[in-house]
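Please open the model in your viewer with the sequence panel alongside, and keep a selection command ready. The tour moves from one selection to the next and says at each stop what is there.

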Amino acid sequence: MLYRKGDDKDLESLLPTKRYALIFLRRNYLQRLFKNYRGGGVSIKRRSRTDIAVDILRVAMNGAKKTHIVYEVNLNFNIAQKYLEMLKEKELIRHENGLFITTDKGKVFQEMAKELKL
């Protein structure tokens with residue numbers, strides 16, 4: 001919905017200058033444009049822990065540094081660290097020479113998770 005002249009009654013008398021009028025109109029237009037986003041009209045799909053773990057294992061399949069994993073999986077560095085520690089504890093991933101590499105057990109887990117997701 002675009003702003004049309006006359007939508008606000010005598011806007012120039014309400015605002016002291018044309019500059020303020022422009023700022024007001026832009027803000028008003030943006031508020032109308034993004035109303036659905038603030039009102040909860042758009043749902044955000046969140047990834048499950050399993051989805052994140054599978055994504056990490058996928059990126060680390062041929063070996064990857066932590067920074068590469070963070071960017072490819074789109075994670076916060078601290079959250080990625082927690083997931084990597086959990087995956088190492090469960091022996092799904094190993095850390096060698098600065099690279100994280102998916103283990104055979106991790107590959108099996110990845111395949112099982114893919115099948116369950118279908």
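Select Q110 to begin: this residue is buried, with a relative accessible area of 2%, where buried means under 20% relative accessible area, exposed over 50%, and partly exposed in between, with a 1.4 Å probe and protein chains only. Q110 sits in helix 7, and, with neighbours within four places in sequence left aside, Q110 is in contact with V54, L57, R58 and M61, contact meaning heavy atoms within 4.5 Å. Helices (H or I, at least four residues) and strands (E, at least two) are DSSP runs numbered from the N terminus.

Before going on, note that this is a predicted model, in which local features need pLDDT of at least 70 and side-chain atom pairs count only at pLDDT 80 or more, while totals for chains, interfaces and linings use all residues. Residues are numbered from 1 along each chain as its sequence is written, and side-chain values use heavy atoms, with hydrogens and water left out.

Now show the whole protein as a cartoon, where 7 helices and 2 strands appear, following the pattern α-α-α-α-α-α-β-β-α along the sequence. Of the 118 residues in the protein, 26% are buried. Among the contacts with a separation of 6 or more, 50% are between residues 24 or more positions apart. The accessible surface comes to about 9600 Å², with 52% of it belonging to carbon and sulfur atoms; such areas come from the Shrake-Rupley method with a 1.4 Å probe, and for residues only the protein chains shown count as cover.

Next, select helix 4, residues 49-59. Which residues of helix 4 are buried? They are I52, A53, V54, I56, L57 and V59, and these buried residues pack against helix 5, helix 6 (77-89), strand 1 (93-96), strand 2 (99-102) and helix 7 (104-117).

Add helix 5, residues 66-73, whose axis comes within 10 Å of the axis of helix 4 and crosses that axis at roughly 130°. Axes here are lines fitted to C-alpha atoms, for helices over the stretch in contact, and angles run from 0 to 180 degrees between N-to-C directions. Helix 4 and helix 5 are therefore oblique to each other, on a scale where angles under 35 degrees count as roughly parallel, over 145 as roughly antiparallel, 65 to 115 as roughly perpendicular and the rest as oblique. Show side chains for I52, D55, I56 and V59 of helix 4 and for H68, I69, E72 and V73 of helix 5, which make the contact. These residues divide into 5 nonpolar, 1 polar and 2 charged, with Ala, Val, Leu, Ile, Met, Phe, Trp, Tyr, Cys and Pro counted as nonpolar, Asp, Glu, Lys and Arg as charged, and the others, Gly among them, as polar.

Keep helix 4 and bring in helix 6: their axes come within 11 Å and cross at roughly 80°, and that makes helix 4 roughly perpendicular to helix 6. Here R49, I52, A53, I56 and L57 in helix 4 meet Y83, L84, M86 and L87 in helix 6, a contact with 8 nonpolar residues, no polar ones and 1 charged.

Swap helix 4 for helix 5, and the pair of helix 5 and helix 6 packs at an angle of about 110°, with the axes 10 Å apart; the two are therefore roughly perpendicular to each other. The selection to make is K66, I69 and V70 in helix 5, which meet F77, A80, Q81 and L84 in helix 6. The residues of this contact divide into 5 nonpolar, 1 polar and 1 charged.

Two loop residues deserve a check of their backbone torsions. Most residues other than glycine have a negative phi. N74, in the loop between helix 5 and helix 6, has a positive phi of about 60° although it is not a glycine, and N74 counts as exposed at 63% relative accessibility. E91, in the loop between helix 6 and strand 1, likewise has a positive phi of about 60° without being a glycine, and E91 is exposed, with a relative accessible area of 51%.

Finish at L92: is this residue buried or exposed? L92 is buried, with a relative accessible area of 7%, and lies in the loop between helix 6 and strand 1. Not counting residues up to four places away in sequence, L92 touches L57, L87, T102, T103, K105, G106 and F109. To close, draw the C-alpha to C-alpha distance from L92 to T102, which is 6.2 Å for two residues 10 apart in sequence.
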